[in-house]
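Grab a pencil and work through these exercises with the model open beside you. Try each task yourself before you read its solution.

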Amino acid sequence: MNAAKTCQPVGAMYAALGIHRCLPHSHGSQGCCSYHRSALTRHYKEPVMAATSSFTEGTSVFGGMANLTQAIQTIFTAYEPDIIAVHTTCLSETIGDDIPSIVAKAIEKGFVPEGKLVIHTNTPSYIGSHVTGFSNMVASMVKYLSQANPKSADTFNVIPGWVEPSDMREIKRILKAMNVPFILFPDTSDVLDTALDGERQFYPDGGTTVEELRRTGGSRATFALGHFASEAAAKGLNEKCSVPAHLLDLPIGLRATDRFISALHEVCGVAVPAEIEKERGRLVDLMSDMQQYFDRKRVALVGDPDQIVALAEFCADLDMRPVYIVSGTPGKVFETRVLERLEERVPEVKIANGAGADMFLLHQWIKQEPVDLIIGNTYCKYISRDEDIPLIRHGFPILDRVGHSQFPTVGYMGAIRLLEKMLDAFLSRKDRDDAEEKLELVL
Ligand code: SF4
């Protein structure tokens, strides 16, 4: 009940938008495509464009070949993208449409202009979640586009995982500050957080170019941030083009960011600049100054697995107790990874993911023994309101607030922002609930 996830194509569409001049295409009914687009539009507050094969009852019986070949011709004629990224839906998966054969047919018919590309990924939504769809599409970018380059390039690939465009921008800032030559893919900054400047551009400036995606095969190494969203692509790149893969957590919080910066330092052979060291110092200063407000606070974390693994560690590092951990995304390694990061500091932790790990379960746990804070997406607001527990909106989707598009939560600066949000939540609650004589003006 009240699933803590959404469907695979939403993630595939988000990843595809991170390719420059790409039009995502949903091979299914118009209803699916409308839902995927609106889910992304409502979170990112930007118009999300995508095409659809517009399945009808007839397509369900005879298959989607005619619709997709027609769609490919129409899209290249009317909208002129550089690349179409097709993902399937429940219906086309159930029919069993073979997308590579259909694309080959479209190429044979001359519907794919010279120099233009069509890639695809399978996203049956009865398996996995939106994170699985994201991972599948990024792996397909590698499968279709990465080219082994005998002349080793100087670049390093960074797969940022499913994070906000603001996070992708922050990761790029860190990489530039550390003088790491990089290819970040996918990259939705300047695609889903564009400036309002009076100019209308059908395809925004941002996104990883096809040329860059081809060059990922010649990079010196790949940093995959987040096991669930990025590992498949990094492994694929290693198998296809022998690019060594370094799997890391999302750099959320102090120690996950430390590991990211250390990996850049060791693998890329670059020095850590004073600017980054100072950012770390400011974070540590704030953590130690405010420690008494975090101590032993019980927290519920719900959302996407890569985000939660890093958040659980950060909460435990702040001496909080992340006691309930729920993710709708299935995967056997989730519990192991959370427990690894908690290092036996929270023995009472309850962890659930995959089928049955939903908002209803979380609500039951909270009713049995409450928490001081919930960190999760907008859907948590119902539990927050029912139980009168503060909520910090984090993850996907956030439908009823802004800020996630502007302010990153990755890196040391992102951790400072998270810390500020947590402190605000605890202190506002204290101000509201404390007896008159205990109300403090200063910290
Ligand atoms: S039918 Fe499947 S692909 Fe379409 S919106 Fe529903 S879950 Fe997603």
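## Exercise 1: The sheet around strand 5

Asn-157 sits across from Ile-183, a residue of strand 6. Keep in mind that you're looking at a predicted model.

**Task.** What is the strand order in the open sheet of 4 strands, and which strands stand at its edges?

**Solution.**

- Step 1. Begin with strand 5, residues 156-159, which pairs with strand 6 in the parallel sense over 3 bridges.
- Step 2. Now read across the whole sheet: the order is 6-5-7-8, with parallel pairing.
- Step 3. Look at the two ends. Strand 6 (182-184) and strand 8 (245-248) each have a single partner strand, so one side of each has no neighbour in the sheet.
- Step 4. Check the turn between neighbouring strands: on average, ignoring direction, they are turned by 20° against each other.
- Step 5. Finally, find what lies across the sheet. Helix 11 (residues 254-268) lies across strand 5, strand 7 (221-225) and strand 8, and runs at about 165° to strand 8.

## Exercise 2: An open sheet of 5 strands

**Task.** Which strands are the edge strands here, and what is the average twist from one strand to the next?

**Solution.**

- Step 1. Write down the order, which is 11-10-9-12-13 in an open sheet of 5 strands with parallel pairing.
- Step 2. Pick out the edges: strand 11 (350-353) and strand 13 (391-393) each pair on one side only.
- Step 3. Add the twist, which averages 15° from one strand to the next.
- Step 4. Zoom in on one pair. Strand 9 (residues 298-302) and strand 10 (residues 321-327) are joined in the parallel sense over 5 bridges. To see one of the partners, find Val-302: its bridge partner in strand 10 is Val-326.

What holds pairs like this together? Strands of a sheet pair through backbone hydrogen bonds, and they can do so in a parallel or an antiparallel way.

## Exercise 3: Helix 1 and its partners

**Task.** How does helix 1 pack against helix 7, and how against helix 2?

**Solution.**

- Step 1. Take helix 7 (residues 130-145) to start with. Helix 1 (residues 8-16) packs against helix 7 at an angle of about 40°, and the axes are 6 Å apart.
- Step 2. Put a word to that angle: helix 1 is oblique to helix 7. The crossing of these two is right-handed.
- Step 3. Go through the contact. From helix 1, residues including Gln-8, Pro-9, Val-10 and Gly-11 take part, and they meet residues of helix 7 including His-130, Val-131, Thr-132 and Gly-133. Sorted by class, the contact of helix 1 with helix 7 has 10 nonpolar, 6 polar and no charged residues.
- Step 4. Turn to helix 2 (residues 30-44). Helix 1 and helix 2 pack at about 60°, with their axes 9 Å apart, and are therefore oblique to each other.
- Step 5. Note the hand: helix 1 passes helix 2 in a right-handed crossing.
- Step 6. List who meets whom. Pro-9, Val-10, Met-13 and Tyr-14 come from helix 1, while Cys-32, His-36, Ala-39 and Leu-40 come from helix 2. That contact has 7 nonpolar, 1 polar and no charged residues.

## Exercise 4: Around the ligand

**Task.** Which residues surround the ligand, and how do the residues of this shell divide by class?

**Solution.**

- Step 1. Find the shell: Cys-7, Pro-9, Gly-28, Cys-32, Tyr-35, Thr-89, Cys-90 and Ser-125.
- Step 2. Sort these residues, and you get 5 nonpolar, 3 polar and no charged.
- Step 3. Look back at Exercise 3. Pro-9 and Cys-32 belong to the contact of helix 1 with helix 2, and both also surround the ligand.

## Exercise 5: Backbone oddities

**Task.** Where are Pro-186, Pro-397 and Lys-45, and what is special about the backbone there?

**Solution.**

- Step 1. Start from the usual picture: most peptide bonds are trans, and most residues other than glycine have a negative phi.
- Step 2. Go to the loop between strand 6 and helix 9 (210-215), where you'll find Pro-186. The peptide bond from Phe-185 to Pro-186 is cis, with omega near -10°.
- Step 3. Next, visit Pro-397 in the loop between strand 13 and helix 18 (411-433). The bond from Phe-396 to Pro-397 is cis too, with omega near -5°.
- Step 4. Finish with Lys-45, in the loop between helix 2 and strand 2 (51-52). Its phi is near 55°, a positive value in a residue other than glycine.

Notes:
Residues numbered from 1 in each chain as written. Predicted model: local features only at pLDDT ≥ 70, side-chain atom pairs only at ≥ 80, totals over all residues. Near = placed C-beta within 6 Å. Nonpolar A, V, L, I, M, F, W, Y, C, P; charged D, E, K, R; others polar. Axes fitted to C-alpha atoms, helices over the stretch in contact; angles between N-to-C directions. Parallel < 35°, antiparallel > 145°, perpendicular 65-115°, else oblique. Left-handed = near helix turned anticlockwise from the far one by under 90°. Contact = placed C-beta atoms within 7 Å. Pairing = 2+ DSSP bridges.
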